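Work through the exercises below with the sequence and the model open. Each task is followed by a solution in steps.

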Amino acid sequence: LCFGVELESNYPVELLKDFEIFHIPEVPYVVFNCPPYAKENHGSVIHSIWEAQKAYQPEKHQLEWNYGEAPIIESDNNELGYTMWFPAKKIAPPIS
């Protein structure tokens with residue numbers, strides 16, 4: 001089980017001595033969300049988000065996936081549903 005919280009870069013880290021700290025660079029994310037669902041559908045919800053991400057064409061929005069710089073983030077929340085954030089980076093628009 002893993003929890004995380006975003007902190008200001010000047011937060012006093014000595015208060016977090018028992019925690020593992022990750023510095024994640026600021027990058028754009030492409031977000032996929034499934035609204036709240038019945039828990040017995042958990043596996044199919046995750047599968048549907050991965051399928052949607054696979055079909056998405058980031059280059060149509062001058063983006064490309066950026067897995068080397070930032071992590072994929074997941075959240076499963078009773079009120080918001082299941083959400084995945086995929087890191088991206090901006091690319092130059094195609095020359096026509």
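The exercises cover strand pairing, the nonpolar core, salt bridges and some single residues.

The model is predicted, so local features need pLDDT of at least 70 and side-chain atom pairs count only at pLDDT 80 or more, while totals for chains, interfaces and linings use all residues. Residues are numbered from 1 along each chain as its sequence is written, and side-chain values use heavy atoms, with hydrogens and water left out.

**Exercise 1. Find the strands that pair with β4, and give the number of bridges for β1, β2 and β3.**

Step 1. Strands are DSSP runs of E, at least two residues long, and helices are runs of H or I of at least four residues, both numbered from the N terminus. Two strands pair if DSSP finds at least two bridges between them.

Step 2. β1 pairs with β4 in the antiparallel sense over 6 bridges. Within β4, Met84 is the bridge partner of Phe32.

Step 3. Strand β2 (residues 63-65) runs antiparallel to β4, joined by 3 bridges. Here Trp65 has Ala88 of β4 as its bridge partner.

Step 4. Strand β3 (residues 73-77) is also antiparallel to β4, with 5 bridges. Asp76 is bridged to Tyr82 in β4. β3 and β4 form a hairpin with 3 residues between them.

**Exercise 2. Identify the residues of the largest nonpolar core and the element that gives the most to this core.**

Step 1. Buried means under 20% relative accessible area, exposed means over 50%, and partly exposed lies in between (1.4 Å probe, protein chains only). A nonpolar core is a set of buried Ala, Val, Leu, Ile, Met, Phe, Trp, Tyr and Cys residues joined through side-chain atoms within 4.5 Å.

Step 2. The largest such core has 11 residues: Val30, Phe32, Cys34, Tyr37, Val45, Ile49, Leu63, Tyr82, Met84, Phe86 and Ala88.

Step 3. At least two residues of this core come from each of β1, α1 (42-55) and β4 (81-90). β4 gives the most, with 4 residues.

Step 4. The strand itself is mostly covered, with 7 of the 10 residues of β4 buried.

**Exercise 3. Locate the salt bridges made by Asp76 and Glu64, and state how exposed the partners are.**

Step 1. A salt bridge is a side-chain nitrogen of Lys or Arg within 4 Å of a carboxyl oxygen of Asp or Glu. The structure holds 4 of them.

Step 2. Asp76 forms one with Lys39, the closest N and O atoms being 3.8 Å apart. This pair links distant parts of the chain, since Asp76 is in strand β3 and Lys39 in the loop between β1 and α1, 37 residues apart. Asp76 is partly exposed at 37% relative accessibility, and Lys39 is partly exposed at 46%.

Step 3. Glu64 meets Lys89 at 3.4 Å, N to O. Glu64 lies in β2 and Lys89 in β4, so the pair ties together parts 25 residues apart in sequence. Glu64 has a relative accessible area of 33% and Lys89 one of 37%.

**Exercise 4. Which residues does Pro71 touch, leaving out those up to four places away in sequence?**

Step 1. Pro71 lies in the loop between β2 and β3 and is partly exposed, at 33% relative accessible area.

Step 2. With contact taken as heavy atoms within 4.5 Å, Pro71 touches Ile24, Tyr29, Trp85 and Pro87.

Step 3. Val27 is 44 residues from Pro71 in sequence, and their C-alpha atoms are 10 Å apart.
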